Amino acid sequence: MALFGNGYDHFLGYALSGGGAKGFAHLGALKVLEKCGLKPDVIAGTSAGALAGVFYADGYHPEEILELFRKREFREFVELTIPKTGLFKSTGLHQFLKKNLRARSFEELQLPFYAVATDWNRATTVAFSNGDDLVDAVVASCSVPVVFHPQYIHGVPYVDGGLLKNFPVSVIRKKCKYVIGVNVSLMIPAEDKYNIRTMAERTFNLMSNSNTLFDKTYCDILIETKGIERYAMFDLQNMDTITEAGYHYAAIKLSEKESWDIVKKCHKHYRMRETVRRQIQRVREKKMLKYGLGKK
């Protein structure tokens, strides 16, 4: 809802990039943003960013999300299959989301949320934001081509959103006064040894990095996590180290004057919104008393 006639649906939005296991850095960044007193009005996420974003929009705190993944292995989230359209089925991920998400639809989430996927047939970006396809949409957003089978939603095959929109800032840019973007997928160095895994991972990394360039420029605050490029796409053994990197670089970025000026504007907005809320509540209470609807 636009407030004070500013023409925006939301005041502050978060855009979370894809990046495989490097997405744990989102949790560290979210910890810093919380410590700064920031509260997003909407979240858009691609792939790993969709995974972190949907739990955050569902009311989980960053540390709680981390605990959900702790001591788990990649094989728990997948099912090996005959490689026709992908090496694995994302059965385990689907069950994991269904078991741990409190919401069963986009509308039941505590925050508006966009899960960004790629329509395989039409070669277009699709941002899911309503209906009962919440779990399927997040799985679709995480379905890396070749590695995973496409996720079908209403008969349409969808794959990882990072193929065309790895950093979904533009998905919410026009809807928000300010957007904070967290990009955890920087260019990975080329491996000395070539195999199917390293070739596939670098190929996807090259594609996803090329389509983030414009979206980076749309951020009011851009947080990028350096130094975690070496971690593999499905590395669940270093989640704490990756999370700490996200915390570290978010703390540095938020300490900059330009960033803190936006933080202060957000705090001012929260105070104004609370003042309006209280005024509306007082008006309602007066009307209830006037018409004898108050407590006796």
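Here are some worked exercises on this predicted model.

## Exercise 1: Get your bearings

Work out how many helices and strands the protein chain has, and what share of its residues is buried.

**Solution.**
- Step 1: Start with secondary structure. The protein chain has 11 helices and 11 strands.
- Step 2: Turn to burial. Out of 296 residues, 51% are buried.
- Step 3: Look at the outside. The chain exposes about 15400 Å², with 55% of that coming from carbon and sulfur atoms.
- Step 4: Check how far along the sequence the contacts reach. Among contacts with a separation of 6 or more, 74% are between residues 24 or more positions apart.

## Exercise 2: Check a helix with a ruler

Decide whether the end-to-end distance of helix 11 agrees or disagrees with 1.5 Å a residue.

**Solution.**
- Step 1: Helix 11 covers residues 257-290, which is 34 residues.
- Step 2: The expected span is 1.5 Å times one less than the number of residues. For helix 11 that comes to 50 Å.
- Step 3: The C-alpha atoms at the two ends of helix 11 are 50 Å apart, so the two values agree.
- Step 4: Now see which side chains are tucked in. Ser259, Ile262, Val263, Cys266, His269 and Tyr270 of helix 11 are buried.
- Step 5: The spacing of such positions is worth a thought. An α-helix has 3.6 residues a turn, so residues three or four places apart point the same way.
- Step 6: Find the cover. The elements lying over the buried residues of helix 11 include strand 1 (10-16), strand 10 (176-183), strand 11 (221-224) and helix 10 (239-254).

## Exercise 3: A covered helix

Find which residues of helix 1 are buried and what they pack against.

**Solution.**
- Step 1: Ruler again. Helix 1 has 12 residues and reaches 18 Å between its first and last C-alpha, close to the expected 16 Å.
- Step 2: Nine of the 12 residues are buried, so to speak of helix 1 as mostly covered is fair.
- Step 3: Those buried residues are Phe24, Ala25, His26, Leu27, Gly28, Ala29, Leu30, Val32 and Leu33.
- Step 4: They pack against strand 1, strand 10 and strand 11, plus helix 2 (48-57), helix 3 (62-69) and helix 10.
- Step 5: Just past the end of helix 1, Gly37 has a positive phi of about 80 degrees.

## Exercise 4: A serine in a loop

Is Ser17 buried or exposed, and which backbone nitrogen lies 2.9 Å from its side chain?

**Solution.**
- Step 1: Place the residue. Ser17 sits in the loop between strand 1 and helix 1.
- Step 2: The cut-off for buried is under 20% relative accessible area. Ser17 has 0% relative accessibility, so Ser17 counts as buried.
- Step 3: The backbone nitrogen of Val184 is 2.9 Å from a polar atom of the Ser17 side chain.
- Step 4: Beyond its sequence neighbours up to four places away, Ser17 touches residues including His26, Thr46, Asn166, Val182, Val184 and Ser185.

## Exercise 5: Follow Ala117 across the strands

Identify the bridge partners of Ala117 in strand 6 and strand 9.

**Solution.**
- Step 1: Strand 5 (residues 113-119) runs antiparallel to strand 6 (residues 124-128), with five bridges between them. Ala117 pairs with Val126 in strand 6.
- Step 2: Strand 5 also runs antiparallel to strand 9, through three bridges. There the partner of Ala117 is Asp160.
- Step 3: Strand 9 (residues 156-160) is largely enclosed by the rest of the structure, because four of its five residues are buried.
- Step 4: Keep going to strand 8 (residues 151-153), which three antiparallel bridges join to strand 9. One of the pairs is Ile153 with Val156.
- Step 5: Compare the turns. The hairpin of strands 5 and 6 has four residues between the strands, and Ala123 has a positive phi of about 55 degrees. The hairpin of strands 8 and 9 has two, and His154 takes a positive phi near 55 degrees.

## Exercise 6: Into the core

Name the residues that touch the most other members of the largest nonpolar core.

**Solution.**
- Step 1: That core has 66 residues, and the best-connected ones are Tyr14, Leu38, Phe55, Leu97 and Phe113.
- Step 2: Zoom in on Leu97. Its contacts beyond four places in sequence are Leu51, Val54, Phe55, Val135, Val138 and Val139.
- Step 3: Val135, Val138 and Val139 are among the buried residues of helix 5, where eight of nine residues are buried.

Note on methods. Residues are numbered from 1 along each chain as its sequence is written. This is a predicted model: local features need pLDDT of at least 70, side-chain atom pairs count only at pLDDT 80 or more; totals for chains, interfaces and linings use all residues. Side-chain values use heavy atoms; hydrogens and water are left out. Buried means under 20% relative accessible area, exposed over 50%, partly exposed in between (1.4 Å probe, protein chains only). Contact means heavy atoms within 4.5 Å. Accessible areas come from the Shrake-Rupley method with a 1.4 Å probe; for residues, only the protein chains shown count as cover. A nonpolar core is a set of buried Ala, Val, Leu, Ile, Met, Phe, Trp, Tyr and Cys residues joined through side-chain atoms within 4.5 Å. A polar contact is a pair of N or O atoms within 3.5 Å; within protein, one must be able to donate a hydrogen and the other to accept it, and residues adjacent in sequence count only if both atoms are side-chain atoms. Two strands pair if DSSP finds at least two bridges between them.
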